[in-house]
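Visitor: I'd like to learn how to read a fold like this one piece by piece. Could you walk me through it?

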Amino acid sequence: MTTLLHSATAVDARGETPDAWILLDGDTIAVTGSGAERPVADETLDLSGRWIAPGFLDLHAHGGGGEDYATGDLATGLAAHRRHGTTRTVVSLVSEPIEVLGQQLARIADLAADDPRVLGSHLEGPFLAESRRGAHAAEMLRAPDDATIDRLIAAARGTLRQVTIAPELPGGLDAVRRFADAGVVVAIGHTEADAATARAAFDAGATLLTHAFNAMPGIHHRAGGPVAAALDDERVNLELVLDGLHVEQSVAAIAFAAAPGRIALISDAMAAAGAADGTYRLGTLDVTVRSGIAMVAGTETIAGSTLTLDTALILAIDALGLSRSAAVAALTATPARILGLADRFGLLAPGFAADIVVLDADDAVESVWANGVIAPSVVE
Ligand SMILES: [Zn+2]
């Protein structure tokens, strides 16, 4: 089954192509081009006046559509985000007892084997600083040790994509090395690390900063902390939650300017993304969502977001003034490169996954193909 999308403006990390066409063949982009000379396909769609972009790849999400990915119906949650352009997801787990995390990792491994749109898991805990725990339960936090690390890696059966570690913990730098040696992308986050400790973690193999600026020391002019250390290091990428709440607009703009091509926009979404306000669970904690703002119940601590990545794209273009190509890259090519998947995801190019987001002239998501399958319309 082949599908030809034509007469749209294609946009990806390489730039914009007017009057573009893309031929999808099953789960792969077969051919791309521009102009009136186009291949014949089983199905042809005229997308005049629209943008087409690669599907968004979310490195960090806990849920959506009312469902918590760790404990609830993953398919419903993923479908909620897919309506907003996210075609591939790394499922993030908050801190739990090791046995529970092992069960959750095994379940995600099963789901990833059945559904290629699940890229694997992200262990956001439990190796985190208690003072920067955010929405992780204090009693679940611990320092890393080799046996625990090996147990978690084994439970995921090759699907553990990412781990977040506070490198200042006892054994923290050894843990960075051990996970990195196992092929896991190591992020530092939920941390009190100063710049020197962050640099030591990067030298040990960490390549990512988990939700930059949130749950870590900020940038002080005489103490740059982990954010300045990451911005300053070409080996390191930064996750950013661009929802107008987690990071002030001018600060987000500084990050993009200081680290072009190294910022990955993530949702860090919890179950209420694409769902109603109310009370939800995140791990063992109750989370109250009011006006779309998620907080640990009874506190002022932000507990993830209710962001979908289409909103992050619009904020990046309209509020930060990024070029459309740079904004799209932060949702596509950059996260794909971070995961080592840049040969299959993140570009509108032959051989890449048939993951396509169609945006109308106002950048609202109109339709989405994920792994070659069109998702239900977002028009509500
Ligand atoms: Zn998170």
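Visitor: Let's start with a helix: what covers the buried residues of H2?

Guide: Bear in mind that this is a predicted model. The cover over the buried residues of H2 includes strand S9 (86–93), strand S10 (118–123), helix H3 (146–155) and strand S11 (160–165).

Visitor: And which residues of H2 are the buried ones?

Guide: Here buried means under 20% relative accessible area. In H2 that gives Ile98, Leu101, Gly102, Gln104, Leu105, Ile108, Ala109 and Ala112. They sit on the same side of H2, because the arc they cover around the axis is only 165 degrees.

Visitor: Which exposed residues are on the face turned away from that buried side?

Guide: Glu99 and Asp114 are the exposed residues carried there.

Visitor: How far does H2 reach from its first C-alpha to its last?

Guide: The way to read this is to set the span against what's expected at 1.5 Å a residue. H2 covers residues 98–114, 17 residues in all, and reaches 25 Å, close to the expected 24 Å.

Visitor: How does H2 run relative to the strands?

Guide: H2 lies across S9, S10 and S11, at about 165 degrees to S10. You can read helix H4 (residues 172–181) in the same manner: H4 lies across S11 and S12, at about 170 degrees to S11.

Visitor: What is the strand order in the sheet of 8 strands?

Guide: That open sheet reads S6-S9-S10-S11-S12-S13-S14-S15, with parallel pairing. At its edges are strand S6 (56–61) and strand S15 (263–265), each pairing on one side only. For a look inside the sheet, take S11 and strand S12 (residues 185–188), a parallel pair with 4 bridges. Gln162 stands opposite Val185 in S12.

Visitor: What about the sheet of 3 strands: is its pairing parallel or antiparallel?

Guide: Antiparallel, in an open sheet ordered S16-S17-S18. Strand S16 (278–282) and strand S18 (293–296) have a single partner strand each, so one side of each lacks a neighbour in the sheet. From one strand to the next, the twist averages 35 degrees. S17 (residues 285–290) is joined to S18 by 4 bridges, and Val289 has Ala294 in S18 as its bridge partner.

Visitor: Now zooming out, which domains does the assignment give?

Guide: The domain assignment lists domain 1 (2–53 + 348–374) and domain 2 (56–338). Their centres, taken over C-alpha atoms, are 29 Å apart. Domain 1 puts 19 residues into the contact and domain 2 puts in 18 residues.

Technical notes
Residues are numbered from 1 along each chain as its sequence is written. This is a predicted model: local features need pLDDT of at least 70, side-chain atom pairs count only at pLDDT 80 or more; totals for chains, interfaces and linings use all residues. Side-chain values use heavy atoms; hydrogens and water are left out. Helices (H or I, at least four residues) and strands (E, at least two) are DSSP runs, numbered from the N terminus. The expected span of a helix is 1.5 Å times one less than its number of residues. Buried means under 20% relative accessible area, exposed over 50%, partly exposed in between (1.4 Å probe, protein chains only). The arc is that of the directions from the helix axis to the C-beta atoms. Contact means heavy atoms within 4.5 Å. Two strands pair if DSSP finds at least two bridges between them. Axes are lines fitted to C-alpha atoms, for helices over the stretch in contact, and angles run from 0 to 180 degrees between N-to-C directions. Domain bounds come from an automatic or database domain assignment.
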